[in-house]
Amino acid sequence: MNPFPVRWRAFLAAVLCLTWQLFAVASDEPTPSKEQIKQFLINAKVVKSQDAKKGVTGTKRLTLSDGTITHDASFQDLDEHKFSKQLASGTELNFVDSYKYNIAAYGLAELLGMDDMLPVYVERKWEGKKGSLSWWLPVKMDEAERYKQKLTPPDPDAWNNQMYKIRVFDQLVSDNDPNLTNVLIGENWQIWRADFSRAFRLNTDVKNSKDLVRCDRQLLEKLKALDASAVTEKTNRYLSKDEAKAVMARRDKIVAQFQKLIAEKGENAVLY
């Protein structure tokens, strides 16, 4: 005997059909473009807020909704400027820790075709304070957690190629706090680099040339073509003239480093 009466079988069939239809609609829903994400972050209503679980910069996790889409975002309003500050690494003069650098880093990544490796950042005012607001990413762990658990990526070559690009970008923006918790890992082992609030120092040399061992071919071409006026236009609300000049000076050193390596080892050993 069938344990389910006819009326219950019909009910279950209807529920399964509706569930399948909802799943199909959700699956077919297009992923928003970066421009659509920007507009959402700028205009959507904040419906919930809470402290972020990680970080020491007072970051808030906000839930936004425009009536159609509901999504979380990370808000950081830190903008600290000091003549000197004592850090674990020593005393830093002209210390800056600012949300503005997040937005500048994203703008620079757009110029280099690397914006898919950073969360989308915009400037927004919330509760009377200006800050950076970024699209919340589907992160399963950060690099510190992966390292602690000794997890190996399923495709080491693909992983390394992503990390090479991140290291080039870190040297370009001269982040003074490039810790492993700022390297975020998605379900498919995609890497994102987040939180640049201590980047864009005024040094004109790269901090660690040993990180510059391999480079994506397209990224190197983008670096070569990077124009000072384009950098200024993209970042002038968030970087000073001296900070933008330092970016270009480090760009020159990075390009020269890779050209030297290519001459020594051959193009195929350096570029991918």
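This dialogue goes through a sheet, two helices, a pocket and two threonines in a predicted model.

Student: How do I read the sheet, and in what order do its strands stand?

Tutor: Strands of a sheet pair through backbone hydrogen bonds, either parallel or antiparallel. Here the sheet is open, with five strands in the order E1-E2-E3-E7-E6 and antiparallel pairing. Strand E1 (45–51) and strand E6 (121–126) are at the edges; each has a single partner strand, so one side of each has no neighbour in the sheet. On average, neighbouring strands are turned by 35° against each other, direction ignored.

Student: How many bridges join E1 to E2?

Tutor: Six bridges join E1 to strand E2 (residues 60–65), and the two run antiparallel. One register point to check is Asp-51, whose bridge partner in E2 is Lys-60.

Student: Which strands does helix H2 lie across, and which does H3 lie across?

Tutor: Helix H2 (residues 34–43) lies across E1, E2, strand E3 (70–76), E6 and strand E7 (129–135). Its angle to E6 is about 10°. Helix H3 (residues 100–112) lies across E3, E6 and E7, at about 150° to E6.

Student: Is Thr-59 buried or exposed?

Tutor: The cut-off for buried is under 20% relative accessible area. Thr-59 has 15% relative accessibility, so it counts as buried. Thr-59 lies in the loop between E1 and E2. Leaving aside neighbours within four places in sequence, Thr-59 is in contact with Asp-51, Ala-52, Ser-74, Phe-75 and Gln-76. Asp-51 is also the residue that bridges to Lys-60.

Student: Where does Thr-181 lie, and what does it touch?

Tutor: Thr-181 is in the loop between H5 and strand E9 (183–186). With a relative accessible area of 38%, Thr-181 is partly exposed. Not counting residues up to four places away in sequence, Thr-181 touches Asp-142 and Ala-144. The C-alpha atoms of Thr-181 and Met-141 are separated by 8.8 Å, although these residues are 40 residues apart along the chain.

Student: What is the volume of the second largest pocket, and which residues lie nearest its centre?

Tutor: The volume is about 330 Å³. The lining has 21 residues, and Met-163, Arg-167, Asp-170, Pro-178 and Asp-211 lie nearest the centre. Helix H4 (143–149) and helix H5 (156–173) are the elements that give two or more residues to this lining. H5 supplies the largest share, eight residues.

Student: How do the lining residues divide by type?

Tutor: The lining of the second largest pocket has seven nonpolar, six polar and eight charged residues.

How values were computed:
Residues are numbered from 1 along each chain as its sequence is written. This is a predicted model: local features need pLDDT of at least 70, side-chain atom pairs count only at pLDDT 80 or more; totals for chains, interfaces and linings use all residues. Side-chain values use heavy atoms; hydrogens and water are left out. Two strands pair if DSSP finds at least two bridges between them. Helices (H or I, at least four residues) and strands (E, at least two) are DSSP runs, numbered from the N terminus. Axes are lines fitted to C-alpha atoms, for helices over the stretch in contact, and angles run from 0 to 180 degrees between N-to-C directions. Contact means heavy atoms within 4.5 Å. On a 1 Å grid over the protein atoms alone, a cavity is a set of points where a 1.4 Å probe fits but cannot get out, and a pocket is an open set with protein on both sides within 12 Å along at least five of seven lines; lining residues have an atom within 4 Å of a point. Grid points are joined across faces, edges and corners, and a volume is the space filled by probe spheres set on the points. Ala, Val, Leu, Ile, Met, Phe, Trp, Tyr, Cys and Pro count as nonpolar, Asp, Glu, Lys and Arg as charged, and the others, Gly among them, as polar. Buried means under 20% relative accessible area, exposed over 50%, partly exposed in between (1.4 Å probe, protein chains only).
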